[in-house]
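Dear colleague,

Please find below the structure that I am handing over to you. I would be grateful if you read the notes beneath it alongside the model.

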Amino acid sequence: MATPVLVRFVDVGFAVSGSVILEGVDLTIRSGDVIGVSGPNGAGKTTLLRLLATLHRPTSGTYSVLGIGPGCRPEELASGRREIALIGHTPALWPDLTLRENVDLVARLRGDPPGADPLETVGLERVAGWRAGHASLGMQRRVEFARLLNRTPRLLLLDEPLAGLDDATRPLVDRTVARVADRGGAALLVSHDPAAVTGLVTRRIAVSAGVVHEEPR
């Protein structure tokens with residue numbers, strides 16, 4: 001039986017005001033893939049993640065991301081996006097809300113099932129009442145991963161996932177990625193240091209000057 005395809009880009013490009021950011025992207029992502037993404041600053045890595053998260057729409061080519069594609073209905077877009085998780089290079093928390101409120105609000109919006117206390121799992125239960133804007137970068141990163149503990153996205157997108165995490169917390173990234181892949185999803189990990197995620201990836205791609213190409217294993 002063929003491995004299910006979750007994402008397919010065919011000759012995808014993205015440009016802003018006539019400036020080409022990505023061009024000619026051919027990329028297929030299948031169930032179980034863990035893809036390491038490397039490339040210099042400004043090459044288009046973050047733009048690729050945002051295209052995969054459906055936050056940007058390609059300006060050329062054809063695409064399908066978890067069933068989201070050109071002309072899809074609003075309910076299809078909303079349903080597909082609930083299966084995508086993006087953790088960017090800068091934590092996306094509401095600074096005036098507490099760490100607990102940042103976790104609970106997102107869980108309610110997504111309709112996550114109840115489960116174990118995610119902040120306890122990541123070691124932040126004692127500071128759950130701190131405002132996010134007063135927490136360290138490492139704490140904020142752990143909150144973002146805590147949001148994923150009671151759900152398993154089908155497509156996990158991580159931009160510099162180890163930034164701000166100490167050695168004791170880094171296994172949290174491994175466990176999260178492994179859970180997604182084991183349950184039939186896929187993950188992409190952007191890192192300036194490919195060696196840092198060597199043990200996680202099954203495929204590698206590189207982005208250079210807006211062009212994406214597969215690298216040998």
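The notes below cover confidence, the nonpolar cores, one helix and one residue.

This is a predicted model, in which local features need pLDDT of at least 70, side-chain atom pairs count only at pLDDT 80 or more, and totals for chains, interfaces and linings use all residues. Residues are numbered from 1 along each chain as its sequence is written, and side-chain values use heavy atoms, with hydrogens and water left out.

Confidence is given as pLDDT (the predictor's confidence in each residue, from 0 to 100). The protein has a mean pLDDT of 89, with 97% of its residues at 70 or more. Strand β1 (residues 5-16) has the highest confidence, at 96, and helix α2 (residues 74-81) the lowest, at a mean of 85. Helices (H or I, at least four residues) and strands (E, at least two) are DSSP runs, numbered from the N terminus.

The largest nonpolar core (buried Ala, Val, Leu, Ile, Met, Phe, Trp, Tyr and Cys residues joined through side-chain atoms within 4.5 Å) has 31 residues. Buried here means under 20% relative accessible area, with a 1.4 Å probe and protein chains only. Among the residues that touch the most other members are Leu99, Leu119 and Leu156. The elements giving two or more residues to this core include β5 (84-87), α3 (99-110) and α6 (171-182), and α6 gives the largest share, five residues. Leu119 touches, among others, Leu99, Val103, Leu124 and Val143, not counting residues up to four places away in sequence; contact means heavy atoms within 4.5 Å. A second, separate core of 29 residues includes Phe9, Val12, Ala53 and Ile84.

Helix α3 has 12 residues, which should span 16 Å at 1.5 Å a residue, where the expected span is 1.5 Å times one less than the number of residues. Its end C-alpha atoms are 17 Å apart, which agrees. Leu99, Asn102, Val103 and Val106 of α3 are buried. Seen down the helix axis, the buried residues of α3 fall within an arc of 95° (taken from the directions from the axis to the C-beta atoms), so they line one face of the helix. Their cover includes α4 (118-121) and α5. Gly111 follows α3 and has a positive phi, near 75°.

Ala85 lies in strand β5 and is buried, with a relative accessible area of 6%. Leaving aside neighbours within four places in sequence, Ala85 is in contact with Leu148, Arg151, Pro153, Leu155, Leu156 and Leu157.

Yours sincerely

Note on methods. Buried means under 20% relative accessible area, exposed over 50%, partly exposed in between (1.4 Å probe, protein chains only).
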